[in-house]
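This report goes through selected side-chain contacts, backbone angles and surface features of one protein chain. The sequence and structure come first.

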Amino acid sequence: MDPYETLSPPQRAAMVRSMTSGRGALTRRSLLRAAGLGAIATAGLTACGIPAAGKQGAIASTDHSAQEKVIDFSNWPEYIDVTDDGKHRPTLDAFTKRTGIKIVYTEDINDNVEFFGKIKPQLAAGQDTGRDLMVLTDWLAARMIRLGWVQELNPANLPHAFANLAQRFRTPDWDPGRAYSYPWQGIATCIAYNKKVTKGRTVDSVSQLLDDPSLKGKVAMLSEMRDTVGMTLLDMGKQPEDVDDTTFGEAVGRVQKAVDKGQIRKFTGNEYTDGLSKGDIGACLAWAGDLVQLRLDNPDIEYVFPDAGFMFSSDNLMVPNKARHKTNAERLIDYYYEPPVAAQLSAYINYVCPVAGVEPYLARIDKSLATNPLIVPDAAMDAKGHAFRSLSETEDSRYEERFSKLIGA
């Protein structure tokens, strides 16, 4: 009998949505090919599945950092600074020049589940994945920690990271104190709207999205369950950190009423950007990382972080078990927590920066970046940020099944 659970049909459907149009296909993560998707769906999922959350325990690993000046780093496509000609990654080049450590940088994470399928066989067998550092979204990072498949980080090698990690990132329920992970970037969910469509009116609540008759048929909600349900819970005065079957059902029912009356045009991934710009969509839930460039291209696009709160998540740097160069990887993590380096990275990719004290360095690059809450949230915005509670395998399957029925997936 296979000791690993396979994905349930609802979980598999949610993964496909994420890969083709959701967070796995954000503006800077759009290189997944349809052929690759087909191969993953037939091979990577039904054969491998997602392991049950049973921890295997620590595995002894020899660190070769002193002898081998290299780091094998896996990241998402277009999720790092590059030169205009695309031939150099300035922050990585500067790290190599400073330390003598070569970075073997691979953009081979198109989706969390797909990537997990690549590394699962080696991790399950207690073998080296060939990677020293990888970037995983928080829900998968939580699962990796539960499984015991990532190494605890050495604080002695992370002085800048420990000192400069922004408060908003310090205590996720899946890694309190950040013993196993440090954020690469943050992802904020907000409301975006087209002023031409709304005739200059502000759209600043989920209640307006779901009930305002002037927006009927022109609203888009996200196809990512944690974002749409989480934002709805907050609008209802509920906490996504404490979601249970009852409150989840209440939020789904609230959105279902809007579906039934034709308020919602569609549930989308990041393809909402095209509809919002054209005016086919008047208002929607949106990912902040998409909006920096979108607003430059179309000045009619506005955004709001609702007073009720917004959903916030992160992509995270982790060192897998049996990595050959753990100390080298920790040095690279720490390097990205130096504010000048963090500023250079954030100025290029435009997600929420996890490094405190970055503003003056951003201002040297572009003054507008230092005051852009999509990159550097202020204290008032911080107070509104919420995270969806970590779900068990059975909860995740059950909730995705209900959400799939809601959105017609």
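In this model, which is predicted, the side chains of aspartate 108 and arginine 131 form a salt bridge, with 2.9 Å from N to O. The two partners are 23 residues apart and belong to distant parts of the chain: aspartate 108 sits in the loop between strand 2 (102-106) and helix 4 (112-124), and arginine 131 in the loop between helix 4 and strand 3 (133-137). Aspartate 108 has a relative accessible area of 11% and is buried. Arginine 131 is buried as well, at 14%. Both values fall under the 20% limit for a buried residue.

Aspartate 245 and arginine 398 make another salt bridge through their side chains, at 3.0 Å from N to O. This pair also links distant parts of the chain, with aspartate 245 in helix 10 (residues 245-260) and arginine 398 in helix 18 (residues 393-407), 153 residues apart. Here the partners are partly exposed: aspartate 245 has a relative accessibility of 40%, and arginine 398 has a relative accessible area of 33%.

A further salt bridge joins the side chains of arginine 389 and glutamate 395, with an N to O distance of 3.0 Å. Glutamate 395 is buried, its relative accessible area being 17%. Beyond single pairs, Lys195, Arg295 and Glu302 are connected in a network of salt bridges. The structure holds 17 salt bridges. In general, side chains of opposite charge can pair when their charged atoms come close.

The salt-bridge pairs described above are listed here.

| Acidic residue | Basic residue | N to O distance |
|---|---|---|
| Aspartate 108 | Arginine 131 | 2.9 Å |
| Aspartate 245 | Arginine 398 | 3.0 Å |
| Glutamate 395 | Arginine 389 | 3.0 Å |

Which residues gather in a patch of positive charge on the surface? They are Lys199, Lys218, Arg265 and Lys266. Lysine 218 lies in the loop that runs between helix 8 (206-211) and strand 5 (219-222). With a relative accessible area of 33%, lysine 218 is partly exposed. It can belong to a patch because its area is over the 30% that patch residues need.

Strand 6 (residues 264-268) contains isoleucine 264. Isoleucine 264 is buried, at 11% relative accessible area. Its C-alpha lies 4.8 Å from that of valine 219, although isoleucine 264 and valine 219 are 45 residues apart in sequence.

The aromatic side chains are considered next. A search of the whole structure gives 16 aromatic pairs. In one of them, phenylalanine 95 and tyrosine 335 are tilted, with 5.1 Å from centre to centre and 55° between the planes. Phenylalanine 95 belongs to helix 3 (residues 90-99) and tyrosine 335 to helix 13 (residues 326-335), so the pair ties together parts that are 240 residues apart in sequence. Phenylalanine 95 and tyrosine 335 are both buried. They also belong to one aromatic cluster, whose members are Phe73, Tyr79, Phe95, Tyr105, Trp184, Tyr335, Tyr336 and Tyr351.

Helix 13 is mostly covered, with eight of its 10 residues buried. Besides Tyr335, the buried residues of helix 13 are Lys326, Asn328, Ala329, Glu330, Leu332, Ile333 and Asp334.

Where does the backbone show a positive phi? Most residues other than glycine have a negative phi. Arginine 178, which is not a glycine, has a positive phi of about 55°. This residue is in the loop between helix 6 (159-164) and strand 4 (182-194). Arginine 178 is buried, with 5% relative accessibility. Asparagine 350 also has a positive phi without being a glycine, with a value near 70°. Asparagine 350 is located in the loop between helix 14 (339-349) and helix 15 (359-365). At 8% relative accessibility, asparagine 350 is buried.

Helix 15 includes proline 360. Proline 360 is partly exposed, having a relative accessible area of 44%. From C-alpha to C-alpha, proline 360 and alanine 343 are 8.7 Å apart in space, while in sequence they are 17 residues apart.

Methods: Residues are numbered from 1 along each chain as its sequence is written. This is a predicted model: local features need pLDDT of at least 70, side-chain atom pairs count only at pLDDT 80 or more; totals for chains, interfaces and linings use all residues. Side-chain values use heavy atoms; hydrogens and water are left out. Patches are made of residues with over 30% relative accessible area and no salt bridge: like charges are joined within 9 Å, nonpolar side chains (Val, Leu, Ile, Met, Phe, Trp, Tyr) within 5 Å. Accessible areas come from the Shrake-Rupley method with a 1.4 Å probe; for residues, only the protein chains shown count as cover. A salt bridge is a side-chain nitrogen of Lys or Arg within 4 Å of a carboxyl oxygen of Asp or Glu. Lys and Arg count as positive and Asp and Glu as negative; His and the chain ends are not counted. The place of a charge is taken as NZ of Lys, CZ of Arg, CG of Asp or CD of Glu. Helices (H or I, at least four residues) and strands (E, at least two) are DSSP runs, numbered from the N terminus. Buried means under 20% relative accessible area, exposed over 50%, partly exposed in between (1.4 Å probe, protein chains only). Rings of Phe, Tyr and Trp (its six-membered ring) pair if their centres lie within 6.5 Å; planes under 30 degrees apart count as stacked, over 60 as edge-to-face and the rest as tilted.
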